[in-house]
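Hi,

Here is the structure I promised to pass on, with my notes underneath. Have a look at it first, then read on.

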Amino acid sequence: MEKIVKVAELYDIYGPLLNEKQRDVINCYYNEDLSLQEIAENKNKSKQAISDMMTRTVDKLFEFEDELSLLEKKDELKDALTSIRELMENSKNKEAIEKITETIERI
């Protein structure tokens with residue numbers, strides 16, 4: 001289940017870098033919840049051809065992340081902003097404000 005979520009997140013970020021056929025197959029499988037057999041029938045391709053395309057496309061998404069790290073950076077930014085929110089909600093002293101400033105500078 002964890003890989004499915006990760007692939008969906010990577011697709012959201014890197015989908016525009018894929019060609020139309022790759023986007024379509026990933027979308028059908030992960031977003032429309034079609035089986036490989038259903039996709040193959042809809043595309044008039046073999047199940048093996050769709051499976052191979054799916055494997056190559058998922059590998060490509062992970063390669064994009066390895067090179068660009070956009071999902072990792074997005075997660076780090078989300079964590080930092082959550083920290084800022086918590087500090088601001090609890091800020092009644094200068095120390096908290098300094099921590100907020102440090103966190104903002106990291107962003």
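Keep in mind that this is a predicted model. I started with the largest nonpolar core, which has 19 residues; those touching the most other members are Val25, Ile26, Tyr30, Ile50, Met54, Val58 and Leu61. Four helices each put at least two residues into this core: α1 (2-14), α2 (20-31), α3 (36-43) and α4 (47-68). Which of them gives the most? That is α4, with 6 residues.

Val58 is a good place to zoom in. Once you set aside its neighbours within four places in sequence, Val58 is in contact with Lys3, Val7, Ile26 and Tyr30.

Next, the packing of α2 and α4. Their axes are 10 Å apart and meet at an angle of about 100°, which means that α2 is roughly perpendicular to α4. On the α2 side, the contact is made by Lys21, Gln22, Val25, Ile26, Tyr29 and Tyr30. From α4 come Ile50, Met53, Met54, Thr57, Val58 and Lys60. Sorted by class, this contact of α2 with α4 has 8 nonpolar residues, plus 2 polar and 2 charged ones.

One of the residues in that contact, Thr57, deserves its own paragraph. Thr57 sits in helix α4. Is Thr57 buried or exposed? Its relative accessibility is 1%, and the cut-off for buried is under 20%, so Thr57 counts as buried. Leaving out residues up to four places away in sequence, Thr57 touches Leu18, Gln22 and Ile26. I also looked at Thr57 and Asn19: they are 38 residues apart in sequence, while their C-alpha atoms are 9.6 Å apart in space.

Last, helix α5, residues 70-89. I checked its length: with 20 residues at 1.5 Å a residue, α5 should span 28 Å, and its end C-alpha atoms are 28 Å apart, so the two agree. The buried residues of α5 are Leu71, Ala80 and Ile84. What covers them? The cover includes α1, α4 and α6 (94-106). So α4 turns up here as well, besides giving the most residues to the core.

If you open the model yourself, I'd begin at Val58 and its contacts with Ile26 and Tyr30, then go on to Thr57, which touches Ile26 too.

Cheers

Conventions
Residues are numbered from 1 along each chain as its sequence is written. This is a predicted model: local features need pLDDT of at least 70, side-chain atom pairs count only at pLDDT 80 or more; totals for chains, interfaces and linings use all residues. Side-chain values use heavy atoms; hydrogens and water are left out. A nonpolar core is a set of buried Ala, Val, Leu, Ile, Met, Phe, Trp, Tyr and Cys residues joined through side-chain atoms within 4.5 Å. Buried means under 20% relative accessible area, exposed over 50%, partly exposed in between (1.4 Å probe, protein chains only). Contact means heavy atoms within 4.5 Å. Axes are lines fitted to C-alpha atoms, for helices over the stretch in contact, and angles run from 0 to 180 degrees between N-to-C directions. Angles under 35 degrees count as roughly parallel, over 145 as roughly antiparallel, 65 to 115 as roughly perpendicular and the rest as oblique. Ala, Val, Leu, Ile, Met, Phe, Trp, Tyr, Cys and Pro count as nonpolar, Asp, Glu, Lys and Arg as charged, and the others, Gly among them, as polar. The expected span of a helix is 1.5 Å times one less than its number of residues.
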